[in-house]
Amino acid sequence: MHIVITGAAGFIGSALAHRLLDRGDSVVGIDNLNDYYSVDLKRARLARLQTHERFTFKLMDIADRKAIAELFAKQHFDAVMNLAAQAGVRHSLKDPHAYVDANIVGFVNLLDGARHSGVGHFVYASSSSVYGSNTHQPFSEHDSVGHPVSLYAASKRANELMAHSYAHLFRLPCTGLRFFTVYGPWGRPDMALFLFTKGILAGTPIPVFNHGRMMRDFTYIDDIIEGVVRVIDKPASPDSHWSADHPDPATSNAPFRIYNIGNNQPVELMHYIHVLEECLGRKAHIEMLPMQPGDVPSTVANIDDLERDFGFRPTTSVETGISRFTAWYLDYFATVKPAPPSKA
C-alpha cells in the first residue's frame, strides 16, 4: 500500500510508519516540525525513519491548503492516516487559535484532498477527551458526546462530524479512533510519564492533579499501533442496521465508523507513579494539586466494538510498558548532547 501519515515526526505517527514500512508498504510522512515540544526529539524520530528507502518525508503544514491540494493531485494514496494535530487539553486554554488552524482547517484540507484523489480509506485520530462531561463508564462510542469540556475535545469531536459529512456526501470511507492516553518509548515530553520521569530523576516535585484521585486507561504504543494497522487495512462500510429513527453516533448508513482504542484496564494514577518509582529506583516528590480546568478525573475505554470487528485487544501491562519506557528514556538522554550555554 501507498500511505500518507500526517504528524509523522510525532510519537504515534513515527511508530506507525515503522510498522507499515517493515511490512512492505511505502509511506509519505508529513510534519511541520512545530515547537510545541522538542524539535530535536521529532528530528531524532525522523532520522530513524529516513533509513528506510520506502519512506519519504515532506516538511508541510496541513493547514496550508495549496500544499495539501498539490500533494494529493500529484500522488494517489491507498489510505490516509491523520495524526497531525495541535495536542494537549491544557495548552488549548492558552492558545485556542492553534487548535482551529491544525485541527479544523488542516483536517478539512486533508478530507478534501482525499475526496478528490479517490483515497480508499481515511483514518484519523480522535480522542477520549470527546467524552467530556460524561460520567457513564466505561466510555462507549454509542454514548452521546455533546458536552466537551475543552476546546481540544471540541476540535476532535468536530473532526468526527466533518468526517461523517464527507462519508455521507462523497462516500469516502472514514474511520475515527478515540485514543486513550498512549505512552511508551519515544513518547511526548508533555505527557505525564515523560514529565514524571524527568522530575523524579531531577529530584524536583512532580505535579499530581485532583490530589491523585485520577484514573486513566493507559495504552502502550505497540498495542495502539497493532490496532491502528488493523483498522487501516479494513475500510469503513455502511451499517445496514443503522436507523435514522434511532441514530447510533458510532456508525452510519454512510461508510463511517468510530472506535475507542484503549487498554480497557484502567490504572489509578498513584499506582502508575509507584510503578515508575520501582523502575527508576527512586522515590517521587509529589506536589498534590487541584483538578485542572478542562481535565476529567477518569477515562475508561469500552473496546468491545474494536475487538469484535478487528480481533484487537491490548496485551501490555503498565509494569511492562513503563519498564520499556524508562529503559529507552535513560538510554536516549544518555546520548543526547547538552544544549550549548546561552550567551549573555
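In this predicted model, Ala-84 makes contact with Thr-6, Gly-7 and Ile-62, once neighbours within four places in sequence are left aside. The residue sits in the loop that links β4 (79–82) to α4 (96–117). Its relative accessible area is 16%, and because buried means under 20%, Ala-84 counts as buried. A look further along the chain brings in Asp-233: Ala-84 and Asp-233 are 149 residues apart in sequence, and their C-alpha atoms are 20 Å apart in space.

A second loop residue, Thr-316, offers a companion view. Thr-316 is placed in the loop between α9 (304–310) and α10. With a relative accessibility of 10%, Thr-316 is likewise assigned to the buried class, since that class takes in values under 20%. Not counting residues up to four places away in sequence, Thr-316 touches Tyr-220, Asp-223, Asn-263, Gly-321 and Arg-324. Asp-222 makes a useful reference point here, as 94 residues of sequence separate Thr-316 from Asp-222, while the C-alpha to C-alpha distance between them is 8.2 Å.

The helix α10 itself (residues 318–335) packs with helix α6 (residues 192–202), and the two axes lie 11 Å apart at an angle of about 60°. That angle makes α6 oblique to α10, because it falls outside the ranges counted as roughly parallel, roughly antiparallel or roughly perpendicular, the last of which runs from 65 to 115 degrees. The crossing of α6 past α10 is right-handed. On the α6 side, the contact is formed by Leu-193, Phe-194, Thr-197, Lys-198 and Leu-201. From α10 come Ile-322, Phe-325, Trp-328, Tyr-329, Leu-330 and Phe-333. Sorted by character, the residues of this contact comprise nine nonpolar, one polar and one charged.

Turning to the cysteines, the structure contains zero disulfides. Cys-174 has a relative accessible area of 0% and is therefore buried. Cys-279, by contrast, is partly exposed, with a relative accessibility of 31%; this value places Cys-279 in the partly exposed class because that class lies between the 20% limit for buried and the 50% limit for exposed.

Notes
Residues numbered from 1 in each chain as written. Predicted model: local features only at pLDDT ≥ 70, side-chain atom pairs only at ≥ 80, totals over all residues. Heavy atoms only, no water. Axes fitted to C-alpha atoms, helices over the stretch in contact; angles between N-to-C directions. Helix = DSSP H or I, 4+ residues; strand = E, 2+ residues; numbered from the N terminus. Parallel < 35°, antiparallel > 145°, perpendicular 65-115°, else oblique. Left-handed = near helix turned anticlockwise from the far one by under 90°. Contact = heavy atoms within 4.5 Å. Nonpolar A, V, L, I, M, F, W, Y, C, P; charged D, E, K, R; others polar. Disulfide = S-S within 2.5 Å. Buried < 20%, exposed > 50% of the residue type's maximum accessible area, 1.4 Å probe, protein only.
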